[in-house]
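Colleague: Could you show me how to read a few features of a model like this one?
Modeller: Sure, let's take them in turn.

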2 protein chains.
Amino acid sequence: MADTHALATLVQALKGLPGVGIKSAQRMAFQLLQNDRATARQLAAALQNAVEKIQHCECCHTFTEAELCDTCLDLTRDRTLLCVIETPADQSAIERTGTYRGLYFVLMGKLSPLDGIGPHDIGLAKLKKRVADGVLTEVILATNFTAEGEATAHVISEMIRQQGLKVTRLARGVPAGSELEYVDLGTIAHALVDRR
Amino acid sequence: MADTHALATLVQALKGLPGVGIKSAQRMAFQLLQNDRATARQLAAALQNAVEKIQHCECCHTFTEAELCDTCLDLTRDRTLLCVIETPADQSAIERTGTYRGLYFVLMGKLSPLDGIGPHDIGLAKLKKRVADGVLTEVILATNFTAEGEATAHVISEMIRQQGLKVTRLARGVPAGSELEYVDLGTIAHALVDRR
Ligand SMILES: [Zn+2]
Ligand SMILES: [Zn+2]
């Protein structure tokens, strides 16, 4: 598209977004510059702001703008239960069932040796420290029922059992091979009740 | 995803990109913040820079960082020919054939009444002034062979004929290297009508 350096740079940067190829990037750049410069400005500001402000909760590892996230600060929650999930979206899914009132630990990923994602990248050292708070009695593993999610649950389970805590896994009410964020709420609620 | 305002704002802004739904926007935000903050920063800077610097060429309407684009400034080009196309990508396609040495006018869109895109949005007033430079002798309409592209070509053709200039359209025909039996009938019919 056209012979401008600023445009070529923008297309390259858009191509850096997950799932965006060169054709989509060109289409996005054209659309933004031709018809929607307000959106371009908003996106630039939102990116800058998010990168500056968003950090990880010191307690549960999820995204937050403060030291601790709102969930970890909520004193009405049951501090004897900790539910381990892969992403903030999974936490939202569980929250929407309205059946869980404990705390969370968000791995922000899953073990994936092929992609070079190891224990350190999903905060397992932080989790090990977290579960040793003396208040927790049960850790519920709610990673996805995919091959990588199961492997991640297995590794965490071994680690936590060594520390003498009860470890449970969401019941297999959740269809195998599916991702939590796309599962209907009733299924997730039943799987929580039937956890083993 | 998580309970942060900066994150919600970023997801909304990403959703403003063409072809990006809420799920993709969430995935992009997660990926950028969790694994790729350098890309987030680069994209923010590229957007800001592009919005500030990129304007329309005063002569041919395409994107440029100067008053006139490189093509319009190229004194070796044939100033008696003007090729009208929809987008900078179409111009690139024609340039790559190496068979055209005239100038261009880039509509940066096409007439599309259903989307509220009228003559003003594709710079027809600018084009009308452009073709009255006294040097041009022929205008080649190379809008796409879609319903909207054809309608756009028709409107421009009427406008330019009133100014006493020769107006031509890219020939419709059988693609080079193809076998007749595999070419759709509409294309063959047009190739027969446009035979030379
Ligand atoms: Zn937290
Ligand atoms: Zn130009």
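Colleague: How much helix and strand is there over residues 57-72 of chain A, and how far apart are the end C-alpha atoms?
Modeller: Bear in mind that this is a predicted model. Over that stretch, chain A is 19% helix and 12% strand, and its end C-alpha atoms sit 8 Å apart. An unreviewed UniProt entry lists residues 57-72 of chain A as "zinc finger region: C4-type".

Colleague: Which atoms coordinate the zinc ion (ligand 1)?
Modeller: That job falls to the SG atoms of Cys57(A), Cys60(A), Cys69(A) and Cys72(A), at 2.3 to 2.4 Å. Along the chain, these donors are spaced C-x2-C-x8-C-x2-C. Cys57(A) is in the loop between strands E1 (55-56) and E2 (63-64) of chain A, while Cys72(A) is in helix H4 (residues 70-73), 15 residues apart.

Colleague: And what geometry does the site of the zinc ion (ligand 1) have?
Modeller: Tetrahedral, because the angles among its four donor atoms are 104 to 120°, and four donors count as tetrahedral if all angles lie between 85 and 135 degrees. For the zinc ion (ligand 2), the site is tetrahedral with angles of 104 to 119°, and its protein donors are the SG atoms of Cys57(B), Cys60(B), Cys69(B) and Cys72(B).

Colleague: How do I describe two packed helices?
Modeller: Use the angle between their axes and the distance between the axes. In chain B, the axes of H2 (residues 22-35) and H3 (residues 37-53) come within 6 Å and cross at roughly 115°. That makes H2(B) roughly perpendicular to H3(B).

Colleague: Which residues meet there?
Modeller: Leu32(B), Leu33(B) and Asn35(B) from H2(B) meet Arg37(B), Thr39(B) and Ala40(B) from H3(B). By class, that contact has three nonpolar, two polar and one charged residues.

Definitions and conventions. Residues numbered from 1 in each chain as written. Chains lettered and ligands numbered in written order. Predicted model: local features only at pLDDT ≥ 70, side-chain atom pairs only at ≥ 80, totals over all residues. Heavy atoms only, no water. UniProt positions renumbered as here; feature names shortened; annotations may be inferred. Helix = DSSP H or I, 4+ residues; strand = E, 2+ residues; numbered from the N terminus. Axes fitted to C-alpha atoms, helices over the stretch in contact; angles between N-to-C directions. Parallel < 35°, antiparallel > 145°, perpendicular 65-115°, else oblique. Contact = heavy atoms within 4.5 Å. Nonpolar A, V, L, I, M, F, W, Y, C, P; charged D, E, K, R; others polar. Donors = N, O, S within 2.8 Å, 3.2 Å for Na, K, Ca; no water. Tetrahedral: all angles 85-135°; square planar, octahedral: opposite > 155°, others 65-115°.
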